[in-house]
Protein chains: 2
Amino acid sequence: MDALTINEAADTTGWSARMLRYIERIGLVEAPRSGSGYRLYGPAELQRLRTLRELLERHDVGLGEIGFALRLRRDRQLHDAVEAWFEAQPERPEHVPAADWLNWEQDKHERLLAAAGRTPDLMETR
Amino acid sequence: MDALTINEAADTTGWSARMLRYIERIGLVEAPRSGSGYRLYGPAELQRLRTLRELLERHDVGLGEIGFALRLRRDRQLHDAVEAWFEAQPERPEHVPAADWLNWEQDKHERLLAAAGRTPDLMETR
DNA sequence: AGAACCTTGACACGATCGTGGTAAGGTCCT
DNA sequence: AGGACCTTACCACGATCGTGTCAAGGTTCT
């Protein structure tokens, strides 16, 4: 009572055989193959397929997104880059030379962002 | 020399104004607004936009994927669920009653997966 | 007041995603 | 040997992604 072929696995997991192949191509749930190339789904794979389905439904995410999450776990390089990007809160230069502020009104192409992010209605004259 | 409006920001970052709005909608790089609703891009945002561009190009990922990464960081619930799914290596029952193995040949719908994942050519008679 | 911006919302369009189906060919069980 | 199943490779198709453009209306500058 162990390994099922793709259609059997499809029946018991709710996925279609077509989707099982797709899921495999994405890299999630890859079934081992028989000597002649048939996919063999054991309890482990069946379990993963069922929980995968639940995961998607419960959080409204797509296969591609989980596929990306997988890529993140495998490619540390990428993971770190993404993480670094999120982490990077480019320091807002604390020291804003007053001189720059004076030119402001004149330079059409360089407007000011009030203080540090919020703008106290500098632009509305009305 | 601080905050640019959307088209100016577009010019200096390489993105189009359209994309800046799109990027904002996804949740990456949200520009603060002026009193009248104009987006104001300060050095921080500009920096993020440039590095974002680099991130995408260098690792060949899409905005949607980074958007998903963002969702993962914000929704710990989801993050944990995904992590759990990947972690879950459903234990392959170590104890396989020999009896089950005997029925194998007979039960058309229940085939066996050799040992723990790899199948030693059980299915190829030739 | 008028030009030059900005904002949101809509229509559009090729590319990819998520699915299904079908064809051509190999494998397994009677 | 024949039927039922598997494999890969294609064609298809609606939905979303990534972009652009345009319209209608508000803001800012001169």
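From the N terminus on, the elements of chain A follow the order α-α-α-α-α-α. In this predicted model, the secondary structure of chain A thus amounts to 6 helices and 0 strands. Chain A has 126 residues, and buried residues make up 40% of them. Its contacts can also be sorted by how far apart the partners are in sequence: among contacts between residues at least 6 apart, 44% join residues at least 24 apart.

Next comes the surface that faces DNA strand D. There are 19 residues around this strand, and those that come nearest are A:Thr5, A:Asn7, B:Ser16, B:Met19 and B:Tyr22. On the DNA side, sugar and phosphate account for 71% of the strand D atoms that come within 4 Å of the protein. Sorted by class, the protein surface near DNA strand D holds 7 nonpolar, 7 polar and 5 charged residues.

Some individual atom pairs help to fill in this picture. In chain A, the side chain of A:Arg33 places an N or O atom 3.2 Å from a phosphate oxygen of DNA strand D. In chain B, a polar side-chain atom of B:Ser36 lies 2.8 Å from a phosphate oxygen of the strand. For B:Tyr38, the partner is a base nitrogen of DNA strand D, which lies 2.8 Å from a polar atom of the tyrosine side chain. Turning to whole elements, those that give two or more residues to the surface near DNA strand D are helix 1 (6–13) of chain A, along with helix 2 (17–26) and helix 4 (63–74) of chain B. The most is given by helix 2 of chain B, with 3 residues.

Helix 4 of chain B is also where B:Arg71 is found. This arginine has a relative accessibility of 30%, so it counts as partly exposed, the class between 20% and 50%. Leaving aside residues up to four places away in sequence, B:Arg71 touches A:His59, A:Asp60, A:Val61, A:Glu65 and B:Leu78. Another point concerns B:Gly27: this glycine is 44 residues from B:Arg71 along the chain, while their C-alpha atoms are separated by 9.0 Å.

The aromatic side chains deserve a look as well. A pair of aromatic rings is described by two values, the distance of the centres and the angle of the planes. Over all chains, the count comes to 2 aromatic pairs. One of them joins A:Trp85 and A:Phe86, with 5.2 Å from centre to centre and 70° between the planes, an edge-to-face arrangement. A:Trp85 counts as buried because its relative accessibility is 4%, under the 20% cut-off. A:Phe86 has a relative accessible area of 10%, so this residue is buried too. In chain B, the rings of B:Trp85 and B:Phe86 have their centres 5.2 Å apart; their planes stand at 70°, which is over 60°, so this pair is edge-to-face. Both B:Trp85 and B:Phe86 are buried.

Rings can also have a charged group as a neighbour. The charged end of B:Arg48 sits over the ring of A:Trp85, at 4.1 Å from the ring centre. Within chain A, A:Arg53 lies over the face of A:Trp15, 4.5 Å from the centre of that ring.

Terms used. Residues numbered from 1 in each chain as written. Chains lettered and ligands numbered in written order. Predicted model: local features only at pLDDT ≥ 70, side-chain atom pairs only at ≥ 80, totals over all residues. Heavy atoms only, no water. Near = heavy atom within 4 Å. Polar contact = N/O pair within 3.5 Å; in protein donor to acceptor, adjacent residues only side chain to side chain. Helix = DSSP H or I, 4+ residues; strand = E, 2+ residues; numbered from the N terminus. Nonpolar A, V, L, I, M, F, W, Y, C, P; charged D, E, K, R; others polar. Phe/Tyr/Trp six-rings, centres within 6.5 Å; stacked < 30°, edge-to-face > 60°. Buried < 20%, exposed > 50% of the residue type's maximum accessible area, 1.4 Å probe, protein only. Lys NZ or Arg CZ within 6 Å of the ring centre and 35° of its normal. Contact = heavy atoms within 4.5 Å.
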